[in-house]
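Colleague: Could we go through this model together? I have a few short questions.

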Amino acid sequence: MNRLAGMMSVLLLCLMLQNGCGRQEPANQRQEGARETVKQKTIEDVLAERTPEWMAIPGVVGTGIGECDGKPCITVLVVQATDSLKQRIPKQADGYPVRL
């Protein structure tokens with residue numbers, strides 16, 4: 001019985017080593033791969049997501065896509081650019097600049 005128990009222990013140890021010590025990518029490579037699979041939202045997607053939230057703010061009358069410094073940006077159309085609106089509307093959304 002001792003010999004059988006010893007063989008079982010060796011077999012179990014081999015299985016544990018095979019599963020636990022298999023080839024694994026370094027953590028930094030796994031993270032980079034994970035980042036590559038995340039797709040950045042398009043400006044149209046961000047606008048569609050955020051428009052209902054912004055339109056619920058009194059004084060906001062519309063949203064659109066414009067151009068800021070030669071690059072696409074989100075434009076929030078307001079009746080008047082008050083300090084209150086400037087505080088409630090973010091300066092960027094999902095990486096895209098937002099302008100009143």
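Colleague: In the hairpin of strand 1 and strand 2, which residue takes a positive phi?
Modeller: This is a predicted model. In that hairpin, which has two residues between the strands, Asp-69 takes a positive phi near 55°.

Colleague: Where does Asp-69 lie, and is Asp-69 buried or exposed?
Modeller: Asp-69 lies in the loop between strand 1 and strand 2. Asp-69 counts as exposed because its relative accessible area is 75%, and the cut-off for exposed is over 50%.

Colleague: Why remark on the sign of phi at all?
Modeller: Because most residues other than glycine have a negative phi. Asp-69 is a residue other than glycine, yet its phi is positive. Asp-94 is also not a glycine and has a positive phi, of about 50°.

Colleague: Where is Asp-94, and how is it classed for exposure?
Modeller: Asp-94 lies in the loop between strand 3 and strand 4. With a relative accessible area of 36%, Asp-94 is partly exposed.

Colleague: Back to the hairpin: in which sense do strand 1 and strand 2 pair, and over how many bridges?
Modeller: Strand 1, residues 60-68, pairs with strand 2 in the antiparallel sense, over eight bridges. One of the bridge partners is Lys-71 in strand 2, which is matched with Cys-68.

Colleague: Changing topic, which residues touch the most other members of the largest nonpolar core?
Modeller: The core has 14 residues, and those with the most contacts to other members are Trp-54, Val-60, Ile-74, Val-76, Ile-89 and Val-98. Helix 3 (43-55), strand 2 and strand 4 (96-99) each give two or more residues to this core. Helix 3 supplies the largest share, four residues.

Colleague: What does Trp-54 touch, leaving out residues up to four places away in sequence?
Modeller: On that basis, Trp-54 touches Val-60, Thr-63, Ile-74, Val-76, Ile-89, Pro-90, Ala-93 and Val-98.

Colleague: Take Ala-93, then: buried or exposed?
Modeller: Ala-93 counts as buried because its relative accessibility is 0%, and buried means under 20%. Ala-93 is placed in strand 3, residues 92-93. Beyond four places in sequence, Ala-93 touches Val-46, Arg-50, Trp-54, Ile-74 and Val-98.

Colleague: And the surface: which residues make a nonpolar patch there?
Modeller: Val-61, Leu-77 and Val-79 make a nonpolar surface patch of about 300 Å². Val-79 is in the loop between strand 2 (71-78) and helix 4 (83-88). Val-79 counts as exposed because its relative accessibility is 68%.

Terms used: Residues numbered from 1 in each chain as written. Predicted model: local features only at pLDDT ≥ 70, side-chain atom pairs only at ≥ 80, totals over all residues. Heavy atoms only, no water. Patch = residues over 30% accessible without salt bridge, like charges linked within 9 Å, V, L, I, M, F, W, Y side chains within 5 Å. Areas by Shrake-Rupley, 256 points an atom, 1.4 Å probe, with all protein chains shown as cover. Salt bridge = Lys/Arg side-chain N within 4 Å of Asp/Glu carboxyl O. Buried < 20%, exposed > 50% of the residue type's maximum accessible area, 1.4 Å probe, protein only. Core = buried A, V, L, I, M, F, W, Y, C linked by side-chain atoms within 4.5 Å. Contact = heavy atoms within 4.5 Å. Pairing = 2+ DSSP bridges.
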